[in-house]
Amino acid sequence: MRNKFAAPTRAAASAAALLSLVLVPQLAMADEPKGDVAWDIVAGLTTEVGERLAGSEAEARARSWAEARLKALGFANVRVEGFPIRGFVRGIDEAHLVAPVPQHLAITALGYSAPTPAKGIEGEVMYFPSLDALKAAPAGSLSGKIAFVDHAMRANQDGSGYGPYGNVRRQGPAIASKLGAMAVVIRSAGTDSHRNPHTGATNFTDGIKPIPAGAVSNPDADLIARTFAHMQPGGKPVRLALTLTSHAQDKMPSGNVIADLPGRDPSLPMIVIGCHLDSWDLGTGAIDNAAGCAIITAAALKAQEGGAPLRTIRVLWAGSEELGGYGGDAYAKAHAGDKHALGMESDFGADRVWRVQYAFADANKPLADKITAALNPLGIVTSAGKADGGTDVEPIIAAQKLAVIGLGQDGTHYFDLHHTPDDTLDKIDPAMLDQNVAAWTAVLKIVANEAGVIAAP
Ligand SMILES: [Zn+2]
């Protein structure tokens, strides 16, 4: 029922059940997997907290929620480690084509966009089919104009399209600003055809003036592109009105939540596994990344079945990943004195794990072989290429030269939902969530019980 291709949502099913069973409303939730740690975390966080924009009051509530939940689950040394961030406060997101034909557009401000005045701005649109086309524009050619950068991200299993297409969001606004644009609008970095824009952070690096920057949904980007194709050249200029009042704000409070399952041999360097607690604010952050926190935490607990492993397993629920990986940086700084052996992260949704990658010393080949064999029955294959962890564990991996294992999830549909209002609990399939937990548990049982040295290449 929670399969993203099935028509009835959980809410619809629950509503139907409520209608027929008004006197026994708890039966409406009969399909909820009860007593399942991973499901309880992802459902709890998205329901009892909701969206968790970094630096916000909601993210602070999420830290309290996480601290209480991790303590209740039996973790030791549960603590919140705060740090300040340059945050982002959401305002009004509105856009419409003014000419040649008035059309409403579904838009979201990108993180760190500069605000427009409350009454909005209006300007002529310059069309660029790609980031490279924008880069090639002559200096000053965008003065007083609004740049529109089109491109078409395509879905793929390993999510690698997010590198180049994500760069349109990450770099496009700064490039447009340097060329003199008054504002910039991009096609969302997403693979769906829904009228949902995809938000995400952009970077105005030092010295570059922030300008209003937004992303329109894929169908609206199609509409803008068709408007140019049908009515240009020679037609009236395409004009856009934008009201994007979100703004950056300094010194907002964020923090990491950290918890340990102590190993039997405290002299052995620990295993650190990460996820991020913050989310974008349009949905409820179910796949990005309540699911990751749910998966790693449930697996860490399952790895204790039959007795505590040799090594300590530490879970890092990082804050402020979405705005620039602040939590991972803060963790590496605060825990430079702790001995770690291996880092892993879950931050690519909740679809099934299909591959494993390693970053191990040659001497750890037998360890990798053992893990590969344990994952094979779960339908997981070894894949070439070096595991690189994830944003929240990368700083500690780099600082201490840690070994890494990457459990790659199927990303074919991830960018349909990523950073949109559609990132909600009903998109998570409990069976796939279970497969993730099983894969993580298999890996943790092996690495946390490894008495020998675990080393990076
Ligand atoms: Zn994420």
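Two strands are taken to pair if DSSP finds at least two bridges between them. With that in mind, a good place to enter this predicted model is strand S10 (residues 247-261), which pairs with strand S12 (residues 313-318) in the antiparallel sense over 5 bridges. Within this pairing, Leu 261 of S10 has Ile 313 of S12 as its bridge partner. S10 is also joined to strand S1 (residues 76-89), again in antiparallel fashion, by 11 bridges. Here Arg 79 finds its bridge partner in Ile 258 of S10.

Another part of the fold is an open sheet of 8 strands with mixed pairing, and reading across it gives the order S3-S2-S9-S5-S6-S7-S8-S4. Strand S3 (103-105) and strand S4 (107-109) each have a single partner strand, so they form the edges and one side of each is left without a neighbour in the sheet. On average, neighbouring strands of this sheet are turned by 30° against each other, direction ignored. Inside the sheet, S5 and strand S6 (residues 146-149) run parallel and share 4 bridges, with Val 125 standing opposite Ile 146 in S6.

Two helices pack on this sheet. Helix H5 (residues 162-178) touches S6, strand S7 (183-187) and strand S8 (213-216), and its direction makes about 155° with that of S7. Helix H6 (residues 218-231) touches strand S2 (93-99), S3, S5, S6, S7 and S8, while its direction makes about 140° with that of S3.

Just beyond S5 comes Pro 129, in the loop between strand S5 (121-128) and helix H4 (131-135). Pro 129 has a relative accessible area of 46%, so this residue ranks as partly exposed. Leaving aside neighbours within four places in sequence, Pro 129 is in contact with Asp 150 and His 151. Between Pro 129 and Arg 187 there are 9.9 Å from C-alpha to C-alpha, although the two are 58 residues apart in sequence.

Turning to the metal site, the zinc ion has protein donors from His 276 (NE2), Asp 288 (OD) and Asp 347, the last listed with two OD entries, at 1.9 to 2.6 Å from the ion. Along the chain these donors follow the spacing H-x11-D-x58-D. The site links distant parts of the chain: His 276 belongs to strand S11 (residues 270-276), whereas Asp 347, 71 residues apart from it, sits in the loop between strand S13 (340-345) and strand S14 (353-359). The arrangement is irregular because the 4 donor atoms subtend angles of 52 to 145° around the zinc ion. For comparison, ideal angles for four tetrahedral donors are 109.5 degrees. His 276 has 0% relative accessibility and therefore counts as buried.

Asp 347 also leads to Gln 409, since the contacts of Gln 409 beyond four places in sequence include Asp 347, Phe 348 and Gly 349, as well as Gln 157 and Ile 295. Gln 409 is placed in strand S16 (residues 403-409). With a relative accessible area of 4%, Gln 409 is buried, the limit for that label being under 20%. The side chain of Gln 409 reaches the backbone oxygen of Gly 349 at 2.7 Å, and it also makes a polar contact of 3.0 Å with the side chain of Asn 436.

Definitions and conventions:
Residues are numbered from 1 along each chain as its sequence is written. This is a predicted model: local features need pLDDT of at least 70, side-chain atom pairs count only at pLDDT 80 or more; totals for chains, interfaces and linings use all residues. Side-chain values use heavy atoms; hydrogens and water are left out. Donors are N, O and S atoms within 2.8 Å of the metal (3.2 Å for Na, K and Ca); water is not among the atoms, so sites may look incomplete. Four donors count as tetrahedral if all angles lie between 85 and 135 degrees; four count as square planar and six as octahedral if opposite donors are over 155 degrees apart and all others between 65 and 115; anything else is irregular. Buried means under 20% relative accessible area, exposed over 50%, partly exposed in between (1.4 Å probe, protein chains only). Contact means heavy atoms within 4.5 Å. A polar contact is a pair of N or O atoms within 3.5 Å; within protein, one must be able to donate a hydrogen and the other to accept it, and residues adjacent in sequence count only if both atoms are side-chain atoms. Axes are lines fitted to C-alpha atoms, for helices over the stretch in contact, and angles run from 0 to 180 degrees between N-to-C directions.
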